[in-house]
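Student: I would like to go through this structure by question and answer. Please show it to me before we start.

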Amino acid sequence: MSQTAVYGWRKRWRAGGEQALASKGPGGSRCRLDEGRLRRLADALDEGPAAHGFGSDQRWTLARVSDLIARMFRTRYTLRGTANIMYRLGWSVQVPAHRAVERDEAAIITWRRETWPAGKR
């Protein structure tokens with residue numbers, strides 16, 4: 001703890017006693033979407049990106065969800081704020097596996113079994 005923090009706590013304690021030191025709750029701004037709107041957003045996300053005009057790629061990105069929130073509720077969120085909402089709704093970050101179209105799984109297995117062990121020797 002810093003000396004400045006301790007002096008601040010002491011000053012608050014002298015002015016208001018133990019109650020002045022009590023937590024005021026989490027910081028930051030409140031969510032602008034109430035529970036009903038969050039449920040509507042969750043239902044819209046379950047419908048998938050194509051149902052909301054996001055083309056053939058069926059992944060929700062933070063930018064897409066942010067745009068969807070803006071369209072549905074006329075309120076803008078940053079990508080970080082959108083990530084917080086997604087977390088609150090129980091969605092997690094998924095990182096897609098990028099695989100080359102030309103990838104030959106049989107050749108990779110052969111290389112791992114034969115070529116790589118020979119090179120380790």
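Tutor: The questions below deal with helix packing, salt bridges and one backbone angle in this predicted model.

Student: Is α2 parallel, antiparallel, perpendicular or oblique to α3?

Tutor: The axes of α2 (residues 35-47) and α3 (residues 62-73) come within 11 Å and cross at roughly 125 degrees. Perpendicular covers 65 to 115 degrees and antiparallel starts over 145. The crossing therefore falls in the remaining class, and α2 is oblique to α3.

Student: How many nonpolar residues does the contact of α2 with α3 have?

Tutor: From α2, the contact takes in Arg37, Arg40, Leu41, Ala44 and Leu45. These meet Val65, Leu68, Ile69, Met72 and Phe73 in α3. By class there are 2 charged residues and no polar ones, and the nonpolar residues number 8.

Student: Which residue forms a salt bridge with arginine 88?

Tutor: The structure holds 3 salt bridges. In this one, the closest N and O atoms are 2.8 Å apart. Arginine 88 lies in helix α4 and its partner in helix α2, so the pair ties together parts that are 53 residues apart in sequence. The partner is glutamate 35.

Student: Is arginine 76, which forms a salt bridge with aspartate 67, buried or exposed?

Tutor: The closest N and O atoms of this pair are 3.2 Å apart. Aspartate 67 is partly exposed at 31% relative accessibility. Arginine 76 has 53%, and counts as exposed.

Student: What is phi of arginine 74?

Tutor: Arginine 74 lies in the loop between α3 and α4. Most residues other than glycine have a negative phi. Arginine 74 has a positive value, near 55 degrees.

Key
Residues numbered from 1 in each chain as written. Predicted model: local features only at pLDDT ≥ 70, side-chain atom pairs only at ≥ 80, totals over all residues. Heavy atoms only, no water. Axes fitted to C-alpha atoms, helices over the stretch in contact; angles between N-to-C directions. Helix = DSSP H or I, 4+ residues; strand = E, 2+ residues; numbered from the N terminus. Parallel < 35°, antiparallel > 145°, perpendicular 65-115°, else oblique. Contact = heavy atoms within 4.5 Å. Nonpolar A, V, L, I, M, F, W, Y, C, P; charged D, E, K, R; others polar. Salt bridge = Lys/Arg side-chain N within 4 Å of Asp/Glu carboxyl O. Buried < 20%, exposed > 50% of the residue type's maximum accessible area, 1.4 Å probe, protein only.
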